[in-house]
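Opening the notebook for a fresh look at this one. I will jot things down as I go.

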Amino acid sequence: MTEIKRQNPHTIGVEEDLGPVLLPPTMDFVFKGLFGNEKKPEILISFLNAVLTPEEPITSITFKDRTLDRRYRKDKVGVLDLLAQTDKGELVNVEVQLADENDMIERSLFYWSRLFSGQLESGHFYDQLERTICINILDFNLMDTDDYHSSYRLKERDRNDELTDLLEIHYIELKKMKDIKDVSEVKTQLEAWIEFLKHPESRVSYELAHQHETIREAKEELLALSCDRKYRLHYEARFKEWMDRLNRMHYAEKKGIQQGIQQGIERGIQQNKVEIAKQLMDVLDVQTIAIKTGLSLDEVLQLKKEMS
């Protein structure tokens, strides 16, 4: 594998051999390797506290099996990116999604519902069901808002009264996060984490690693993963798979637009034929109208019946 030389962000204009370029933390299996590392739970704990900003910070987590069990044979199988339980008993699912497949909200609700109801299968009673939270990190725009972080709960429509906090779904839209040029612009721990996720090799990211121990640990883990030959081969395979997927989606969208244009033209032609037939109805017989407009005789007869 060819080594790529990259510039040290602390030495402008000086090229050094710093090893392989860091793998993108937003690639799902890289994200799992970083934030799902059971030997480094403090990384995920820091990220969760940054997203949820609880009154009492999370101090410990237990990583859980990521596979959603099927209740029935035909049930859809789901494998979560990350699933953990906090010291308060909360279930937290974290998902990373790079491409918009037009089902993100439905998928979030599906995962949440399976996690929430799955607690009953473990012997819980209704009043023992724990708070269940889904966090979705998206590399595309989803919500009709400029805010990069949206959090949803169940509330009464008019009075805005909260029914319960047992349901909480977060969407973090990375592309809406402003570009940060200087570390002084980072105002929250979540902004620090987002900068790391988006630009792990930026100057700001390196400075944040000096200021935040957990980000430094995450950067060290990312470097270790990036130097692992098997991990890089896995990344290259996944990247190719992802690009092929994007190309298929682009082709399908382009084809759909072309078909839509053609269908629109055909509908317009048909409507034009009908309008012409209506104008000729009082001056020509139905057979002649059919010949002149290209409509079938049955279509002209039906149109005449509707006009009578």
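The notes below go through a sheet, the helices lying across it, and then two further helices.

**Entry 1, the sheet.** A reminder to myself: this is a predicted model. I looked up the strand order and found an open sheet of 6 strands, S3-S6-S7-S8-S10-S9, with mixed pairing. Strands S3 (61-63) and S9 (149-155) are at the edges with a single partner strand each, so one side of each has no neighbour in the sheet. From one strand to the next, I get an average twist of 25°.

**Entry 2, one pair.** How many bridges join S6 to S7? I find 4, between S6 (residues 82-86) and S7 (residues 91-97), and the two strands run antiparallel. Gln85 stands opposite Leu91 in S7.

**Entry 3, helices across the sheet.** I followed H1 (residues 28-35), which lies across S3, S6, S7 and S8 (132-138) and runs at about 25° to S6. Next came H2 (residues 41-52), lying across S3, S6, S7, S8, S9 and S10 (162-173), at about 115° to S3.

**Entry 4, helix H6.** I checked the span of H6 (residues 213-226): its 14 residues at 1.5 Å a residue should span 20 Å, and the end C-alpha atoms are indeed 20 Å apart, which agrees. I then listed its buried residues, among them Thr214, Ile215, Leu222 and Leu225, and also Glu217 and Lys219.

**Entry 5, Gln279.** Is Gln279 buried or exposed? Its relative accessible area is 63%, over the 50% cut-off, so Gln279 is exposed. Gln279 belongs to helix H7 (residues 229-280). Ile289 is 10 residues from Gln279 in sequence, and their C-alpha atoms are 9.8 Å apart in space.

Terms used: Residues numbered from 1 in each chain as written. Predicted model: local features only at pLDDT ≥ 70, side-chain atom pairs only at ≥ 80, totals over all residues. Heavy atoms only, no water. Expected span 1.5 Å × (residues − 1). Buried < 20%, exposed > 50% of the residue type's maximum accessible area, 1.4 Å probe, protein only. Pairing = 2+ DSSP bridges. Axes fitted to C-alpha atoms, helices over the stretch in contact; angles between N-to-C directions. Contact = heavy atoms within 4.5 Å.
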